Amino acid sequence: MSRISAPSTTGLSRRSFMTATVSAAAAAPLLSSPTRAEKPAATRSGLRETVAVSLRINKQPYELSLDARTSLLDALRDHVGLTGTKKGCDHGQCGACTVLVDGKRVLSCLSFAVMNDGKEVTTVEGLASSDGKLHPMQQAFIDHDAFQCGYCTPGQIMSAIGCVNEGHANSEDDIREYMSGNICRCAAYPNIVAAVVQARDQARGT
Amino acid sequence: MRPFIYERPTDVSAAVAIASRFTTEDDHPTRANAQFIAGGTNLADYMKLGVAAPNRLLDLNRLEEPALRQIRVTDDGVRFGALVRMGEAADHGEVKRRYPVIADSLRLAASGQIRNMASLAGNMLQRTRCEYFREPSWACNKRVPGSGCAAMEGFNRQHAVLGASDACIATYHGDFAQALIALDAVIRAEGSRGAREIPFARLHRLPRDTPHIETDLAADEIITAIEVPALPWARRSRYLKIRDRESYAFALASAAVALDLDGDSVREARIALGGLATVPWRAGEAEAALQGKKLDEASAGAAADAAFAGAEPRQHNAFKVELGKRTLVRALLETRDMKV
């Protein structure tokens, strides 16, 4: 259903291999369904029509054709193949799906993709520079061992970048308060706070 | 999720026109076929759960009127455009300085991500998180009129002790609304029958025997602005929120307080209570009890007793009466001691 106009920016890795496999598997049933292909869109009610959505994701343009019900999270994971953004609760309670939209951290599970038409989306895959150098926040999470299972980590990192950019990382108490929308079941919280402090200081040049 | 048609009107009158074409006068906004969406943090969640099922979604985020996105603070008061995000209002320097209770109520609500998404008008209109309302297999008079209320005999620890009825005990969870009702805010709305002002205190309806009717709004009416009148002594105001965990949780009990003090004694008090009632709750009896009195632990306690004189606890939420009183006493004393 989705048409991807930009190649994946990741190099050859286990992750990109898995991503490609998942995307192909997801697309196959739709492409091979003759009943769907024979019905021209114009005769259907508007409720059954797909919507066109343009997104810039990690500085690459994407033109997607989606069911209007598709969340931004599902568009990223299932239609673009960027599975770094995680689905935790899918109800806005855990923060695992946090991405930046026009530079602001938001929950991609509670936003319909179509509402983000024309916007700039940054996911965890878009943080490292093209030479593979990690974003300071990614490096800080490694330096401080700020995760155990890692499932919440992409959301934590995106939220932490938003938190620092908003100016809400002035103290450890501030960081705890303004990062409270990101739940870590492994409870790596002290390490996460330490990582945010390091990346904040690096961003300030102190 | 039920399929929906997505539309993106570019000004308020166009949005009203579409809504009015696809709704009737008898439709209530939360049950209409055509519904408005702004941040989506509440509506998208309820559409996923099957609690809300519009078949036409009107996205208000592309409305072009600049005032919808502006905060204007003047000596007459503050005017918030309806599409201002919670986080922007919480961080606004003049709002923090002149109306700390407003900034606090927003800062202590939801999470950083949700505050970046949720509009102020949407936040005011947020629907209850009653577990029995959220899950469509339970009986719920608010979700399906006449189906009963599973919360009455259920696990009602989170539920309201004020403003409940035999049909519904679901809590109104908003925080911002408590600051607004305490400060006599006014809502501006536009619909097919024209523009009007609604005192914030009249926006939400008590559940009585029609809990599915939540507000005074028509299905084609859009809130465009929230106005809070000037109140110079609102610099002495705060919002105290008590929760099961320290952050990112709904209030078990909260208090919005603003005090006009003459030395130790109270010229005027404004008090609202959150997490305890079915609608935003102004505690007029507590305000009256304090007027002209020296504010100390005893008079604050008497005011709290007055606020909860009509409380109706259920099996699991009786603790909220005492918690609510203590929350109000602490909020009053902390507000008294603010350096302004």
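**View 1. Strands 4 and 5 of chain B, paired up.** In this predicted model, strand 4 (residues 71-74) and strand 5 (residues 77-81) of chain B run antiparallel to each other, with four bridges holding the count for the pair. Together strand 4 and strand 5 of chain B make a hairpin, and two residues sit between them. Want a spot to zoom in on? Look for Arg72(B), which has Arg79(B) of strand 5 of chain B standing opposite.

**View 2. Where the two domains of chain A meet.** Chain A splits into domain 1, covering 14-125, and domain 2, covering 136-204. Domain 1 of chain A puts 15 residues into the contact, and domain 2 of chain A puts in twelve. On the domain 1 side, the elements giving two or more residues are strand 3 (98-101) and strand 4 (104-107) of chain A. Strand 3 of chain A gives the most there, with three residues. As for chemistry, that side of domain 1 of chain A is a mix: six nonpolar, six polar and three charged residues.

**View 3. The largest nonpolar core and its best-connected residues.** This core takes in 166 residues. Which residues have the most contacts inside it? They are Val196(A) from chain A, plus Leu120(B), Leu180(B), Ala286(B) and Leu328(B) from chain B. As a general point, nonpolar side chains in soluble globular proteins tend to be buried together.

**View 4. Close in on Val196(A).** Here is one of the residues with the most contacts inside the largest nonpolar core. Leaving out residues up to four places away in sequence, Val196(A) touches Ala160(A), Cys163(A), Val164(A), Ala169(A), Ile175(A) and Met179(A).

Notes. Residues are numbered from 1 along each chain as its sequence is written. Chains are lettered from A and ligands numbered from 1 in the order in which they are written. This is a predicted model: local features need pLDDT of at least 70, side-chain atom pairs count only at pLDDT 80 or more; totals for chains, interfaces and linings use all residues. A nonpolar core is a set of buried Ala, Val, Leu, Ile, Met, Phe, Trp, Tyr and Cys residues joined through C-beta atoms within 7 Å. A residue is buried if 20 or more other C-beta atoms lie within 10 Å of its own, exposed if 12 or fewer, and partly exposed in between; C-beta atoms are placed from the backbone. Two residues are in contact if their C-beta atoms, placed from the backbone, lie within 7 Å. Domain bounds come from an automatic or database domain assignment. Ala, Val, Leu, Ile, Met, Phe, Trp, Tyr, Cys and Pro count as nonpolar, Asp, Glu, Lys and Arg as charged, and the others, Gly among them, as polar. Two strands pair if DSSP finds at least two bridges between them.
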